[in-house]
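Got your viewer open and a hand on the selection tool? Let's take a walk through this one, stop by stop.

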Amino acid sequence: MQRLLVLGGGTAGTMVVNKLRRKLDPADWQITIVDQDDKHLYQPGFLFIPFGVYQESDVARSRHRFIPDGVELVLGEIDRVDADAREVLLTDGRRLGYDYLVIATGSITSSRAAPIRISHPSSGSARRSWSRTASGARSLGRCAARCARRRSPATSASSSARARPSSRRCPTSG
Ligand SMILES: Cc1cc2nc3c(=O)[nH]c(=O)nc-3n(C[C@H](O)[C@H](O)[C@H](O)COP(=O)(O)OP(=O)(O)OC[C@H]3O[C@@H](n4cnc5c(N)ncnc54)[C@H](O)[C@@H]3O)c2cc1C
């Protein structure tokens, strides 16, 4: 029995196990996929969270829903790969052996490399980061809402209020 181990149950890892489960004979191939949690997030949906169109719950689904029969889903945080031993170590001490390994653990955006610039006449221009997370999207939404309220004549009737620099800083992303 050959062991295929896929690290990361995001878009890439989920597609790999779905495609390969159909092609590889279950009698000969054991397929396992690992992720740290059971929350698959549809990242393009993050674009709609700052505007209140979606909540995080609208873009989150259980990973089990996308993993086909015949693939084992292991939930746990990956610590490291021991290539010599052909094992993956999880932070809780579990060890997963493999013959073939797919690493699909995604990427992290550097907030320094990809800031979002939000500007407002009263507070100048500020760099705000959005790190491709649902919490980052919510944070951006709160920040944009505050800027919008400050722009609104109904909430900032006097010009002195408009001119006063904001003491509250918009949150950075999570
Ligand atoms: C706002 C936004 C809009 C987008 N729009 C589009 C679009 O229109 N079209 C398009 O094609 N793409 C779009 N993308 C990009 C697309 O969503 C990503 O390219 C895709 O999700 C990347 O998939 P992935 O499997 O490589 O990574 P991910 O989907 O991020 O999966 C990585 C997985 O690895 C897991 N993981 C990481 N480290 C560990 C660890 N140590 N232990 C256990 N598990 C771990 C994570 O929990 C995660 O589930 C968009 C992205 C964003 C943020």
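Here is a route through the model, with something to select at each stop.

**Before you click anything**

Keep in mind that this is a predicted model. Colour the protein chain by secondary structure and you should find four helices and eleven strands. The chain has 174 residues, and 18% of them are buried. If you like contact maps, take the contacts with a separation of 6 or more: 65% of them join residues 24 or more positions apart.

**Stop 1: strand, helix, strand**

Select residues 2-7 for β1 and 29-35 for β2, then add 11-23, which is α1. Together β1, α1 and β2 make a right-handed β-α-β unit. The two strands run parallel and pair over six bridges. To see one of those pairings, pick L7 in β1: its bridge partner in β2 is V34.

Now add residues 71-75, strand β5. β5 also runs parallel to β2, and five bridges join them. For a pair to click on, try D35 in β2 with its partner L75 in β5.

**Stop 2: the core**

Which residues have the most contacts inside the largest nonpolar core? Select L5, V6, V17 and I33 and you have them; the core has 13 residues in total. β1 and β2 each supply at least two of the core's residues, and β1 gives the largest share, with four.

Stay on V17 for a moment. Setting aside neighbours within four places in sequence, V17 is in contact with V6, I31, I33, I67, P68 and V71. There is also another core, apart from this one, with seven residues. To find it, select A134, A137, L140 and C143, which are among them.

**Stop 3: I67, a loop residue**

One of V17's contacts deserves its own stop. I67 sits in the loop between β4, residues 60-62, and β5. Is I67 buried or exposed? I67 counts as buried, because it has 21 C-beta neighbours inside 10 Å, and 20 is enough for that label.

Show the contacts of I67 next: beyond four places in sequence, they are T14, V17, I33 and L73. Try a distance label on T14 as well. I67 and T14 are 53 residues apart in sequence, yet their C-alpha atoms are 6.6 Å apart.

**Stop 4: around the ligand**

Bring up the ligand and the 19 residues around it. Those that come nearest are G8, G10, A12, Q43 and G106. α1 and β2 each supply at least two residues of this shell, and α1 gives the most, with three. Colour the shell by class and you get seven nonpolar, nine polar and three charged residues.

Zoom in on G10, which lies in the loop between β1 and α1. G10 counts as partly exposed because it has 17 C-beta neighbours inside 10 Å. Leaving out residues up to four places away in sequence, G10 touches A104 and G106. The first of these makes a good distance check: G10 and A104 are 94 residues apart in sequence and 7.5 Å apart from C-alpha to C-alpha.

**Stop 5: a loop at the other end of the helix path**

Follow the chain to the loop between α1 and β2 and click on P26. P26 is exposed, since just 12 other C-beta atoms lie within 10 Å. Draw a line from there to G70: the two C-alpha atoms are separated by 7.1 Å, while the residues are 44 apart along the chain.

**Stop 6: the hairpin**

For the last stop, select residues 78-82, strand β6, and 87-90, strand β7. These two pair in the antiparallel sense over four bridges. Click on I78 and look across to L90 in β7, which stands opposite.

What joins β6 and β7 in the hairpin? Four residues lie between the two strands, and R86 is in the turn. R86 has a positive phi of about 55°, although it is not a glycine. With 15 other C-beta atoms within 10 Å, R86 is partly exposed.

Methods: Residues numbered from 1 in each chain as written. Predicted model: local features only at pLDDT ≥ 70, side-chain atom pairs only at ≥ 80, totals over all residues. Core = buried A, V, L, I, M, F, W, Y, C linked by C-beta atoms within 7 Å. Contact = placed C-beta atoms within 7 Å. Near = placed C-beta within 6 Å. Nonpolar A, V, L, I, M, F, W, Y, C, P; charged D, E, K, R; others polar. Pairing = 2+ DSSP bridges. Right-handed = clockwise from strand over helix to strand, strands pointing away.
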